[in-house]
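Let's take a friendly tour of a protein complex, one topic at a time. Keep the picture open while you read.

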Amino acid sequence: MEQDIEIIVKLKEGLLNPEAKTIERSLNLLGYKNVSQFDTERVFLMKVDAPSAKEAEKYADEMCRRILVNPVIEDYTIMVK
Amino acid sequence: MKRPNVALSDEEIELTRKRLGREPNATEWAMIDVMWSEHCAYKSSRKYLKLFPTEGENVLLGVGDDCGIARFDDKYGIAIGMESHNHPSAIEPVAGAATGIGGIVRDIISKGAMPIACLDPLRLGDIKSHERSKYLFENIVKGIADYGNCIGVPTVGGEAEFDNSFNKNPLVNVVCVGLVERDKIVRGIAPNAGDTMMLIGSKTGRDGIHGVTFASEELSSGSEEESRPAVQIEDPFSEKLLIDSFMEIFKTDAYAGCKDLGGGGFSCATSEIVHKGGMGARIELEKIPLREDGMEPWEILLSETQERMMLIVKKGREDEVERILGKWDVLYSRVGVVTDDGRYVITQNGKAIVDLPTHMLTDGPLFDREFEAMDRPKVKKPDVSDAKSYFMKLLKEPNIASKKWIYEQYDNEVQTRTAVKPGQDAAVLRITNKEGIALGVGCNSAHCALDPAEGAKEALVEAVRNLAAVGARPLAAVDCLNFGNPEKPKAFWQFKVAVEALAGGLKSFNIPVVSGNVSFYNESDGEPIDPSPIVAVLGKLELDKIMTMGFKDEDDEIVLVGETKAELGDAPRVDFETEKATNGLILKLIGEKRVNSAHDLSKGGLAVGLALMAFKGGKGFEVDISKMGENIDDSEKMFSESNGRFVVATKDAKSILLAAEKAGVKAQEIGRAGGDKLSYGAFSVSLKEAKKGWETGLEELLT
Amino acid sequence: MIGVLQFPGSNCDLDVMRALVDVVKTDAKLIFFKDQDLSGLDGLVIPGGFSYGDHLRAGAIAAKMPVMEEVKAMAKEGKPVLGICNGFQILCDSGLLPGALAKNTSMKFICKWVELGVANDTSAFTNLYAKGETIRMSIAHGEGRYFCDDASLRELQDNDRIAFRYGGSNPNGSLDDIAGVVNREGNVLGLMPHPERASEEILGGEDGRKMFEAMIDYIKSR
């Protein structure tokens, strides 16, 4: 059964996200002064063929731990839709 | 008869019907529309491009193929090509600039050459005041960086000129240079019937459909939204795999010809390659691998999906080629066969949906455009009453300031050939252990706007001077002619006189053009760009005699070679004989190791030229401009941009002056290197302060 | 025989071959990643480039290719393994070295020559330098910001495992100005700068030569 999986990958808390910082600064410069705490995440979307949502999540988690996510600098959450 | 949905003129439509002898079907119309666009067919320019000298003993492959190849020595040829990607970069600067690099690199690969360097001459709007120009500039550089760095081809030089005439029409020209063994040069030809036509690379999608007709129209303000589908998307990783796999394929002899897919997509590459050989083609549409569902035949045939090549594989040798492609995981498909009937036939499920004589696509009409001379604009001399303040401001001008912000984003060293890196007069790459090539680029668009003929000449002589300053002699040239709308007589006149003047220069220097590009319609809402005939010249030099511009030793004597005229604010005149004599002298002095530094003068004149030599060498200088022999104002002596001039630093100025006299070249000693000031006589500034201004002038304006 | 590992997208492989074969004059050969047999090699270099286009993360996909198991085996046997730039990223992502390389703080690719302070002079690659010596080498990367957690950093600092630090200004935001690190045994080194681009005067300097020479000496001494 095909399950829709969404994985969100974020840079770890302690790590500077210069991209987010640059974008927030640019927005402020363009006049959007009400915005703060700008952050960016990466989203991976896929279909996983598995008998249950739990199995699909397990499969996705294995892919994350093996290659999709770098645990030194990234955190992730998996959502089965 | 119903008017077909094409960008062709009524005359062109009638001509098509007449030549074919029947009404083309919708797919055929779409193909002719693209193949006969200005970008593909060079309708407005061919008549004048014929003026260029294109032959010579140094030409191994001349105009007419994907790029040219110049003779380097008995073993090697140097492939060189130049291309523009102006319109796409105005809409989507990262992808537009990136795919510009991709396209010219594929042109080089297609001729059997390993791409070894790129150059990026750019024209941008006024980044000080025009937000969008700033955005375009930053992202064009990013696009070039992302692509060039990923494919492992160093971007070793280029230039950036800023002017508000480019506010809505930036220019992204790219040069690529490649190395090929002379007996392994590959031609864009399908010489034998029965050979397999193999499409290699990315799956075809809807990218850039009608990209070439888009390049042949002026941009209107609505362009950004309307034109997005016409922009091609880049994939440099795929391109790198093409480079690696093709270099391996070319080590075999399993191929007969090769062309890359660029403007005009599949139709252009396949029709041209069989036409060149006097052959025809029979192609099965369904054999073309697709990225999207439901693509119409015209979409498939005209798509400008990047990173695709057409290889003519000798009959029976397909497995050999496919094994190499499989090793690199590069997609391929046998899409057709070369025939001997001169007809270009495409079938879909066995039924012919296109059946044209090859010349219908490859031989577009030739126009004889009207031209109307423009009055020479009045020259506006800048206010130099406070020379010191003018000078310090000039150093920070984007047109003069250090371009470090640009080239530090480019990997300029990969392939370990780069002996002279960005920031000098020309880039130098080693080819063998003893000899190398140098690459110079020239064109002052502001001068061309004042006088397109003189400006075009200057573009050539500036590039050649760049080579002489590092110790290199010219071998061959490529050009990219960027102009406005050729259907407007005044813009076309600019093109006509520029080409005529450039042709005269090339003949005078005996430098053949081996490849080139024309980009018309660089106009928005009726405002054309400053005419920009950009010229890149390839030179050769000995590696143990490379010269650079920085002052080397304290007390080196500074000699100004050449005559300064009162041309401040104007397009300075060009005299080919003077240029040749001066270059000859400089090359002789460098060859005999009689100078420690050399720099050719251009933007900002003598004042800026001396400053650059100081910045690069970390040593100041003391000169007295007022003591120069020319009978002109001090401000002209300092800032006039007269051609034919170099500054050299030497241990023995007397002997240099003697050599100059013998060569019939004007020269005068003007001072000494050393100290921590830039002293011009009338004023002096601290080296440190001036250098800081120059280094930060551009980057201060950007993120 | 030193192997130079080629992944799809590696682009400094031939440069490293040139430094090994033509400059320091040792036996070396290219190893395509699909040919997983690394036996018979005395040492390995993973060169710079954009393996797999730097997609996902720089070095992330290459790090998981089967050949990397053979690389780990080589490292375990004590053979010298050198990761340059993308090679460093691959060594970190495969677990052969601690830490990870993130995008430069400037968000831009940077190519220039930098000063490096030698911080370790005992590893298989750095023993021809002197601790505290300043050398010059070229960097060219977009993802060179070294990062590791506090425990790893302490371990690196306490055990002399930082090989090089950026002198002058830090070009990419690396933690503790780290430009290169070694493993515990000193036979695996990863660094962002390019020694193969600093092995000949004509290219700008020769400080990189000693790294390859040290590698050869180390092989001879085993």
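## How confident is the prediction?

Chain C averages a pLDDT of 97, and 100% of the residues in chain C score at least 70. Keep in mind that what you're looking at is a predicted model. For chain A, the mean pLDDT is 91, again with 100% of its residues at 70 or more. Within chain A, the lowest mean pLDDT of any element, 82, belongs to helix 1 (residues 18–29), while strand 2 (residues 42–49) has the highest, at 96.

What about the complex as a whole? The predictor gives it an ipTM of 0.98 and a pTM of 0.95.

## Who touches whom?

Two pairs of chains are in contact, and of these, chains B and C share the most contacts. Chains A and B don't touch: no contact joins them, and their closest C-alpha atoms lie 9 Å apart.

## Where chain B meets chain C

On this interface, 30 residues of chain B are in contact with 26 residues of chain C. Together the two chains bury about 2,300 Å², with carbon and sulfur atoms giving 56% of that area. Which residues of chain B lose the most area to chain C? They are B:F237, B:T416 and B:R430, and together they make up 24% of what the chain B side buries.

There's plenty of polar detail to look at here, too. Chains B and C have four salt bridges across their interface, and B:R430 turns up again in a salt bridge with C:E200, where the closest N and O atoms are 2.8 Å apart. The count of residue pairs in polar contact between these two chains is 15. If you want to find the chain B side on screen, look for helix 7 (131–151), helix 10 (236–249), helix 13 (318–327) and strand 14 (418–420) of chain B, the elements that each give two or more residues to it. Sorted by class, that side has 10 nonpolar, 10 polar and 10 charged residues.

## Where chain C meets chain A

Now swing over to the other contact, which takes 16 residues from chain C and 15 residues from chain A. Here about 1,300 Å² is buried between the two chains, 67% of it on carbon and sulfur atoms. How many salt bridges are there between chain C and chain A? The count is one, and you can find it where the side chains of A:E74 and C:R57 meet, at 3.6 Å from N to O.

Four residue pairs are in polar contact between chain C and chain A. On the chain C side, strand 5 (100–102) and strand 8 (145–147) are the elements that give two or more residues. Strand 5 of chain C has the largest share, three residues. The chain C side divides into nine nonpolar, three polar and four charged residues.

## Salt bridges inside chain B

Across all chains, the structure holds 76 salt bridges. One of them joins B:R17 and B:E14, whose side chains meet at 2.9 Å, N to O. These two sit three residues apart in helix 1 (residues 10–20) of chain B, so about one helical turn separates them. B:R17 is buried, with a relative accessible area of 14%, whereas B:E14 is partly exposed at 46%.

Other salt bridges reach across the sequence. B:K259 pairs with B:D66, the closest N and O atoms being 3.1 Å apart. B:K259 is in strand 8 (residues 255–260), B:D66 is in the loop between strand 1 (59–61) and strand 2 (68–71) of chain B, and the two are 193 residues apart. B:K259 counts as buried at 5% relative accessibility, and B:D66 is buried at 13%. Both belong to a network of salt bridges that also links B:D65, B:K111 and B:E272.

## A buried glutamate

Finally, zoom in on B:E28, in helix 2 (residues 26–35) of chain B. Is B:E28 buried or exposed? Its relative accessibility is 2%, so B:E28 counts as buried. The side chain of B:E28 makes a polar contact with the side chain of B:R22 at 2.9 Å. A polar atom of the B:E28 side chain also lies 2.9 Å from the backbone nitrogen of B:D355. Leaving out residues up to four places away in sequence, B:E28 touches B:R22, B:I353, B:V354, B:D355 and B:L356.

Terms used:
Residues are numbered from 1 along each chain as its sequence is written. Chains are lettered from A and ligands numbered from 1 in the order in which they are written. This is a predicted model: local features need pLDDT of at least 70, side-chain atom pairs count only at pLDDT 80 or more; totals for chains, interfaces and linings use all residues. Side-chain values use heavy atoms; hydrogens and water are left out. Contact means heavy atoms within 4.5 Å. Buried area is the accessible area (1.4 Å probe) that two parts lose on being put together, summed over both. A polar contact is a pair of N or O atoms within 3.5 Å; within protein, one must be able to donate a hydrogen and the other to accept it, and residues adjacent in sequence count only if both atoms are side-chain atoms. Helices (H or I, at least four residues) and strands (E, at least two) are DSSP runs, numbered from the N terminus. Ala, Val, Leu, Ile, Met, Phe, Trp, Tyr, Cys and Pro count as nonpolar, Asp, Glu, Lys and Arg as charged, and the others, Gly among them, as polar. pLDDT is the predictor's confidence in each residue, from 0 to 100. Buried means under 20% relative accessible area, exposed over 50%, partly exposed in between (1.4 Å probe, protein chains only).
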